[in-house]
Amino acid sequence: MTSDLSTVRTGDPYAALPQRPMHPASFTEEETYRRTRLPVELASTLIPDAYSSPEFFALEREKVFASGWVAVGMAGDVDRPGACVVVEVAGRSVIVTRNRHGALRAFHNVCRHRATKLLDSTARDVGHRGRIRCPYHNWTYDTDGTCLGTPLFEGSDVPAGQEAIFDTSVAKDFDRADYGLLDVAVDTWGFFLFVNLAPDPAPLATQLGDLPARFADYRLDQWVPQRRRTYDVAANYKLVGENFMEYYHLPWVHPELNQVSKFSDHYRWQGPGMYTGMCTTPVSRNTEAGGWDGLSPLSSLGEQDADSGRFTWLFPSTALVVLPNHAFVLLNRPVAPNRTVETAVLLAHPESLEDPAAEQGVEQLDKFWDLVNRQDLEIVERVQEGIENPAYRGGRMCFRFEEPLHRFQNMVIDKMLGVDRVPAGDEDTMTRMFPDP
Ligand code: FES
Ligand SMILES: [Fe+2]
């Protein structure tokens with residue numbers, strides 16, 4: 001018997017594409033992304049080198065992470081003068097603190113003398129009496145970044161009686177006022193802290209678009225972190241995001257969740273802004289494996305919010321899930337093309353915590369999200385393994401489920417090409433994706 005395999009296979013639409021890895025110069029050329037620029041019904045996924053190439057990663061670090069607002073932590077962690085967090089954006093360490101008037105400030109974590117890293121990543125306070133001291137030669141700064149002392153350089157800290165030895169009159173053209181810490185733009189929305197490394201950034205509001213209005217009734221600025229977990233993920237951060245944005249995978253990756261979260265309950269929830277959004281209405285109830293009940297819902301919500309789960313991906317690397325009684329956040333920090341450090345935070349509004357059974361509810365939510373997240377990360381790591389194989393040159397997007405991926409990948413492409421564009425959204429607040437059953 002002869003095999004007729006060769007006759008059933010038609011041509012590979014990707015065969016004519018350049019071999020991988022592509023030349024790095026092509027990463028900033030529009031032509032490279034032609035197939036992802038097509039309307040979603042016709043589009044192919046972003047070039048696979050975007051997930052595996054060190055050169056793409058280096059460019060993306062500058063063009064995406066060093067030139068826009070990136071969520072880096074929880075605003076509540078910097079709640080008083082001198083409190084701080086030390087975060088990393090685009091491979092750079094940044095101190096976020098509040099000055100003595102309570103205003104948020106952020107600085108590159110670099111001494112202005114010989115560049116020593118000032119604070120450790122574990123620091124929660126800038127230092128005694130709100131002073132940031134360099135561990136090398138003790139140059140000292142306040143929480144506005146002002147340089148206060150440069151010992152033995154221009155007069156400060158000279159031991160009494162030794163003025164002649166430490167004569168500083170030869171230190172010419174030096175004014176410590178010129179040696180303040182290097183500023184970084186910082187802002188908050190809801191419970192998020194954002195920084196922007198660009199020298200003259202557009203306001204955060206431009207990037208968020210209509211999200212603050214969509215979430216207004218949730219009063220997100222009042223929610224408090226309850227649990228945190230860190231995951232070391234062997235995958236590109238975009239794969240983590242793309243998995244979050246679609247529920248095509250639900251029946252196969254999350255059998256427990258799929259019992260209660262029907263395809264037909266999913267809607268697009270996407271206005272203008274650098275984000276992708278979907279929602280489930282009604283919000284799913286618990287299963288035997290756990291679920292989203294367990295805390296009482298917030299009282300300020302309108303009818304639609306009170307019965308919905310909101311799932312948004314804040315460009316470039318943050319997942320935000322808000323349900324009527326809790327929120328779940330994933331802050332993703334890319335460290336290599338194939339590695340991402342993910343911090344998961346479970347939050348609740350103080351109102352939802354008043355119930356005596358609240359602690360148990362938080363515990364159950366934490367376990368449930370950990371289960372769901374591990375299922376997601378396991379599959380995402382398998383995608384990374386596959387996408388590193390140069391035989392794969394791209395795939396076809398499923399128009400029905402993968403519109404958010406298309407929107408996200410085109411935001412990444414815009415940034416790689418230096419196009420300044422905030423995507424428009426749907427006209428309706430919620431857009432049904434399946435016809436009524
Ligand atoms: S490098 Fe910081 S004081 Fe010298
Ligand atoms: Fe998932």
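At what angle do helix H3 (residues 54–65) and helix H11 (residues 403–417) pack? In this predicted model, the angle is about 95 degrees, and the two axes lie 9 Å apart. Angles of 65 to 115 degrees count as roughly perpendicular. H3 and H11 are therefore roughly perpendicular to each other. From H3, the contact draws on Leu-59, Glu-60, Lys-63 and Val-64. From H11, Val-412, Lys-415 and Met-416 take part. Sorted by class, the residues of this contact comprise four nonpolar and three charged. No polar residue belongs to the contact of H3 with H11.

H11 also packs with helix H6 (residues 237–245). Here the angle is about 150 degrees, with the axes 9 Å apart. Angles over 145 degrees count as roughly antiparallel. H6 is therefore roughly antiparallel to H11. The crossing of H6 with H11 is right-handed. On the H6 side, the contact is formed by Lys-238, Gly-241, Glu-242 and Met-245. These residues meet Pro-404, Leu-405, Phe-408 and Val-412 in H11. By class, the contact of H6 with H11 holds five nonpolar residues, one polar residue and two charged residues. Val-412 of H11 thus appears in the contact with H3 and in the contact with H6.

Strand E1 covers residues 69–74. Is E1 mostly covered or mostly open? Six of its six residues are buried, and the strand is mostly covered. E1 is joined to strand E9 (residues 192–196) by five bridges. The two strands run antiparallel. Within this pairing, Met-74 stands opposite Phe-192 of E9.

The wider chain sets these elements in context. It contains eleven helices and 17 strands. The chain has 437 residues, of which 41% are buried. Its C-alpha atoms fill a box of roughly 100 × 60 × 40 Å along the principal axes. Which residues account for 67% of the contacts with a separation of 6 or more? Those 24 or more positions apart do.

Definitions and conventions. Residues numbered from 1 in each chain as written. Chains lettered and ligands numbered in written order. Predicted model: local features only at pLDDT ≥ 70, side-chain atom pairs only at ≥ 80, totals over all residues. Axes fitted to C-alpha atoms, helices over the stretch in contact; angles between N-to-C directions. Helix = DSSP H or I, 4+ residues; strand = E, 2+ residues; numbered from the N terminus. Parallel < 35°, antiparallel > 145°, perpendicular 65-115°, else oblique. Contact = placed C-beta atoms within 7 Å. Nonpolar A, V, L, I, M, F, W, Y, C, P; charged D, E, K, R; others polar. Buried ≥ 20, exposed ≤ 12 C-beta atoms within 10 Å, placed from the backbone. Pairing = 2+ DSSP bridges. Left-handed = near helix turned anticlockwise from the far one by under 90°.
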